[in-house]
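User: I have some questions about the terms used for this model. Please set each value against its definition.

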Amino acid sequence: MEQTTLTVKGMSCGHCVKAVEDSVGKLTGVESVSVNLDAGTVQVSHDATTADRKVIEETIEDQGYDVVQ
């Protein structure tokens with residue numbers, strides 16, 4: 001499993017956490033998702049062959065948040 005930490009802008013509440021964790025957590029190959037609102041980060045444990053970084057970023061952006069490159 002690969003560990004990826006993304007910096008995400010626009011998350012500010014429990015609804016944001018749930019939206020990101022639920023959507024990314026449903027991706028095939030994702031083992032776990034953890035949002036840290038204070039740090040503005042999302043940490044994902046995933047199989048990079050089935051859920052690569054680009055797919056994870058697109059999923060977060062589809063929820064209305066901005067992934068900082």
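User: What share of the contacts with a separation of 6 or more comes from residues 24 or more positions apart?
Analyst: Their share is 59% in this protein. Contact here means heavy atoms within 4.5 Å. The model is predicted: local features need pLDDT of at least 70, side-chain atom pairs count only at pLDDT 80 or more, and totals for chains, interfaces and linings use all residues. Side-chain values use heavy atoms, without hydrogens and water, and residues are numbered from 1 along each chain as its sequence is written.

User: Which residues of helix 2 are called buried?
Analyst: I56, E57, T59 and I60, within residues 53–62. Buried means under 20% relative accessible area, exposed over 50%, partly exposed in between (1.4 Å probe, protein chains only). Helices (H or I, at least four residues) and strands (E, at least two) are DSSP runs, numbered from the N terminus.

User: How do you know that the buried residues are on the same side of helix 2?
Analyst: They cover an arc of only 160° around the axis, so they share a side. The arc is that of the directions from the helix axis to the C-beta atoms. On the other side, K54 and D62 are exposed.

User: What covers the buried residues of helix 2?
Analyst: The cover includes strand 1 (2–9), helix 1 (14–25), strand 3 (41–46) and strand 4 (66–68).

User: What pattern does the protein follow along the sequence?
Analyst: The pattern is β-α-β-β-α-β.

User: Why is the protein called as compact as a globular protein of that length?
Analyst: Its radius of gyration is 11 Å, close to the 11 Å that the globule rule gives for 69 residues, so the description fits. The radius is taken over C-alpha atoms; the rule is 2.2 Å times the number of residues to the power 0.38.
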